[in-house]
Amino acid sequence: MLDQKDIDLTRYSELKKQLEEASRLYYKEGVSPMSDQDFDFGLKEMEALERKYPELGDGTSLTKSVGSDLVNDFAKVAHAVPMLSISNVYSAEEMQEFVDAAESGLAEIQEDTASIASASPRNDSAKWICERKIDGVSLSIVYENGRLKQAVTRGDGAQGDDVTLNALTISDIPEFFDAKKLKIDPSEIPTGTFEVRGEVYMEREAFERLNEQLILEGKKIFQNCRNTVSGSLKLKSVNECKTRPMRFFAYHIPQSNNATHQQNLEQLKKLGFNTNQFWTADTVDQIMKISEEIGADRDNLPFDIDGMVVKLNNLEQQRALGTTSKSPRWAIAYKFKAERAYTPLLSVEFQVGRTGAVTPVANLAPVRLAGTTVKRATLHNFDEVARLDLHFGDTVGVEKGGEIIPKITDVKKELRPVGAVPVTAPEFCPECGTPLTHVDGEVILRCENLHCKAQVQCLFEHFVSREAMNIENLGPSLIASLIATGKIKRIPDLYRLTMEDLESQERMAKKSAKNVFDAIQASKERSLENLLHGLGIRFVGRTSARNIAKHFRTLEAIRTATPEQLQGVTDVGERIGYSVYDFFHTDMYTAEIDELVALGCPQEFKGVVKTLFAGQTAVITGTLPSMDRDEARKLIEENGGKVSGSVSKKTSWVLAGEAAGSKLTKANELGVPVHDEAWLLQQIAESTENAAEPSADAAETSVDAAEMPLQTSLF
């Protein structure tokens, strides 16, 4: 029988996995899989368990670290002052706890510090400043002698992505400060380095126009304004970024010479920035009254807000209270609860996503919610349908918390019509008629037909991506156009495209068509693992594709391998082994492989097998100075090593960065060697310098590490 600790540890593991995946989707893919409130409550539960069992929490725990939106395509820039996230509260009681803690902390400091005592909040016009919490993306803008030098995303809090060129497309962000135009004295223009922080956002009307255009172009629409901005700031094309009508509110000067936050806002406004409206308060009662006013007016605003930010006005007090590893102690976000309305369920549609996942979507009797008329709501998956015990004609509760399609939260079963029929899952794909599958361990139904018309666009995008066949200049828009005009239906069709086919596409000049044509032909020289990954075989990511290709060396050997032989490959278990075997023994896919081979696609592994860390298992912990964990993992794996998530007696060594936690402690207890990033890079550099000329047997074309794809699976 399980004791309470076993139950708690199991719960912690479940929470950790769920919240880390939600954080990854939110920051890396711009998807919101759960509400802010559910995420915050999950974090609070994790914190409680970490206090109960201190061995659980390390520096990498979500309770102690800022979510990261870093991507590999942009230069990394360290923040002069960390960009932290703000903690959330949801009630007047929690707000009172925050205010009490801040005032208690200041009282303790004032006993020993005369400067803080003299800067008592009672000497200022207000103790607290309240501002609307814009639902956008944080951005740091650095000016040098009055001219914009760099714009950097929050990233992981310590460093962010350089998005300067994209930020310059936002009209609210001044490229330089013009005293004459601003009608201020030239002496008021900041000299030296001057950093401004704020929120990039998109107005609802502009967001709706953008989605309408995407629908006309047959492209996937965006989920909400915040995710649209997040993706737009990371666009590689500045011209495309210009088509995204983003705005900017400035709200912070991290290294300010002013005395109060209110003075900061006044200075920012003088310099030409848009600043958000603010209110002043002395007590929690006043703060909560302001929150009611802001909440009541939220539907009348042109942009989305999800709460109110409360900050100490006195900057000296802010500095005195300081921060935790994750959040400032002088600021809090009061989050509004999602609005809910009740309306009858009319019908349910089954939508097939680009990865074959079938999602039920409810059609509702129109109801007003959060300032808009709601007619549809997501049901997420069929486990959720079963949990709700949903029947046609039910009166359902609907919430809208930042999503385009709101979600159903509950059912008023007492209002259920007599004889109502339950909602059940379909047996066949509504797009192509293929029988749907439900894999153990997953909560979704899936269409396994890669040629299902709902999945074709995604399959092509995956095949040409940098992590697969790396066909440059063949982006989503051109793929959509080629599909719409019937030029491509299956992957081999790419290699049958002529110059005339490409030139016939809208807005394709001869030179552009030639670049695409040449890139398609050049992809034939890639290595076997690129093709294997690009095929979209379920569960096969970058690493498993490379391991399989490296092990079998030829496509023919993979095609004739047994499931047992496939499972013998490093990091290829039963699930991946059978998936690869089934793929190469399905007539539809084998015929396609034969075509690709005949068209000249790669059949052999061309990478050099590096053995620097062969037979070694490493563990990565903490924050590394110049690379994220995924980059470090790739370096280790490309040099023959294996990366594990936990430290044990079998661990060869630990790669540790700043704020390394329990993994470092355990490594020291077990006597496992600990190294830093500099050591890793030195080992690789020395190995490269000392590498002998390859023998005849090993004379292969090396795959440049910079061209190696990320571990991304189509499914």
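In this short talk I will go through a pair of packed helices and then a small sheet with the helices that pack on it, all in a predicted model.

Let me begin with the two helices. In general, two packed helices are described by the angle between their axes and the distance between the axes. Here helix H14, residues 456-464, packs against helix H15, residues 476-484, at an angle of about 130°, and their axes lie 10 Å apart. Angles over 145 degrees would count as roughly antiparallel and those from 65 to 115 as roughly perpendicular, and H14 and H15 are therefore oblique to each other. Their crossing is right-handed. If you look at who meets whom, H14 brings Val456, Gln457, Phe460, Glu461 and Val464, while H15 brings Pro476, Ile479, Ala480 and Ile483. Sorted by character, the residues of this contact between H14 and H15 are seven nonpolar, one polar and one charged.

Now let us turn to the sheet. It is an open sheet of four strands, in the order S19-S18-S20-S21, and the pairing is parallel. Which strands stand at the edges? They are S19 (642-644) and S21 (674-675), each of which pairs on one side only. Strand S18, residues 617-621, is joined to strand S20, residues 653-656, by four bridges, and these two strands run parallel. Within this pair, Ile620 stands opposite Leu655 in S20.

Finally, two helices pack on this sheet. Helix H24, residues 629-638, touches S18, S19 and S20, and its direction makes about 165° with that of S18. Helix H25, residues 662-670, touches S18, S20 and S21, and its direction makes about 135° with that of S18.

Terms used: Residues numbered from 1 in each chain as written. Predicted model: local features only at pLDDT ≥ 70, side-chain atom pairs only at ≥ 80, totals over all residues. Heavy atoms only, no water. Axes fitted to C-alpha atoms, helices over the stretch in contact; angles between N-to-C directions. Parallel < 35°, antiparallel > 145°, perpendicular 65-115°, else oblique. Left-handed = near helix turned anticlockwise from the far one by under 90°. Contact = heavy atoms within 4.5 Å. Nonpolar A, V, L, I, M, F, W, Y, C, P; charged D, E, K, R; others polar. Pairing = 2+ DSSP bridges.
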